[in-house]
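Student: Please take a close look at one part of this model and how it is tied to what surrounds it. Give the cut-off behind each term as you go.

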Amino acid sequence: MASLQLITYPHPTLRHRSKPVLRVDARLKELVGEMFEIMYEFRGVGLAANQVNLPIRLFIANPSGDKEEGPELVFINPEVNKAKGIVEAEEGCLSLPGINANVKRNKSLQINAYDMSGNEIKANIDGFLGRIVQHEMDHLDGVLFIDRLAEEIPRSLAEQIQAFETMFETKQKSGAIAKNEELQAQLLEWEQKYC
Ligand code: NI
């Protein structure tokens, strides 16, 4: 199977609600390793599985953005509880390169998830990691940060988003990106393997 690739807006998998992971195998461990490589290559601090066209409830994070520094976190089937407070800050997304805008997020929350070894994770988080977690959790539900902008979308931003849509359409017409039915079939294949 081909290696993973970062997908960008408006790829339909970014709007897909990911399914819970029911099994972790050696291949999935490799895939998570590839996700970290991709995240570092594009200078990100978090990456959801559906951003590499894997429709499963898993995301990774490294708030330092630095492979040497860590920590490298993997959250499987994450759930958020006890979200409190509101804080606004600028966000970006590897699937919307070049776009940054302010988003309101909860200040603190509790996350429940599993790691790659099946151990339960239960942590109270806030600050930058809290923001990453909320951004990535949204991805798993098919929600993008541009859906949650704190202010009305400025025209320049709307134009950038439109440009992504036009480019995607062109690539799909030329065959550089598979047609939606084929993309849907790829998702089903992954879901049959891990969900
Ligand atoms: Ni993102």
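Tutor: In this predicted model, β4 and β5 form a hairpin with five residues between them, and Gly118 in that turn has a positive phi of about 85°. Strands here are DSSP runs (E, at least two residues), helices likewise (H or I, at least four), numbered from the N terminus. Residues are numbered from 1 along each chain as its sequence is written, and side-chain values use heavy atoms, without hydrogens or water. Because the model is predicted, local features need pLDDT of at least 70 and side-chain atom pairs count only at pLDDT 80 or more, while totals for chains, interfaces and linings use all residues.

The two strands of the hairpin, β4 (residues 101-114) and β5 (residues 120-126), run antiparallel and are joined by seven bridges; pairing requires at least two DSSP bridges. One of the partnerships is Ser108 with Asp126 of β5.

Next comes helix α2 (residues 127-140), which holds both His135 and His139, four residues apart, about one turn of the helix. Each gives its NE2 to the nickel ion, and Cys93 gives its SG, at 2.1 to 2.3 Å. Along the chain these donors follow the spacing C-x41-H-x3-H. Donors are N, O and S atoms within 2.8 Å of the metal (3.2 Å for Na, K and Ca); because water is not among the atoms, sites may look incomplete.

His135 has a relative accessible area of 7% and is therefore buried, as is His139 at 1% (buried is under 20%, exposed over 50%, partly exposed in between, with a 1.4 Å probe on protein chains only). The side chains of the two histidines, His139 and His135, also share a polar contact of 3.2 Å. Such a contact is a pair of N or O atoms within 3.5 Å; within protein one must be able to donate a hydrogen and the other to accept it, and sequence neighbours count only through side-chain atoms on both sides. Leaving out residues up to four places away in sequence, His139 touches Leu14, His16, Ala48, Asn50, Gln51, Cys93 and Leu144, a contact being heavy atoms within 4.5 Å.

Now the nonpolar cores, sets of buried Ala, Val, Leu, Ile, Met, Phe, Trp, Tyr and Cys residues joined through side-chain atoms within 4.5 Å. In the largest, of 24 residues, Met35, Leu47, Leu54, Leu58 and Ile60 touch the most other members. Its largest share, eight residues, comes from α1. Apart from it lies another core of 15 residues, and the nickel ligand Cys93 is among them, as are Ile7, Tyr9 and Ile146.
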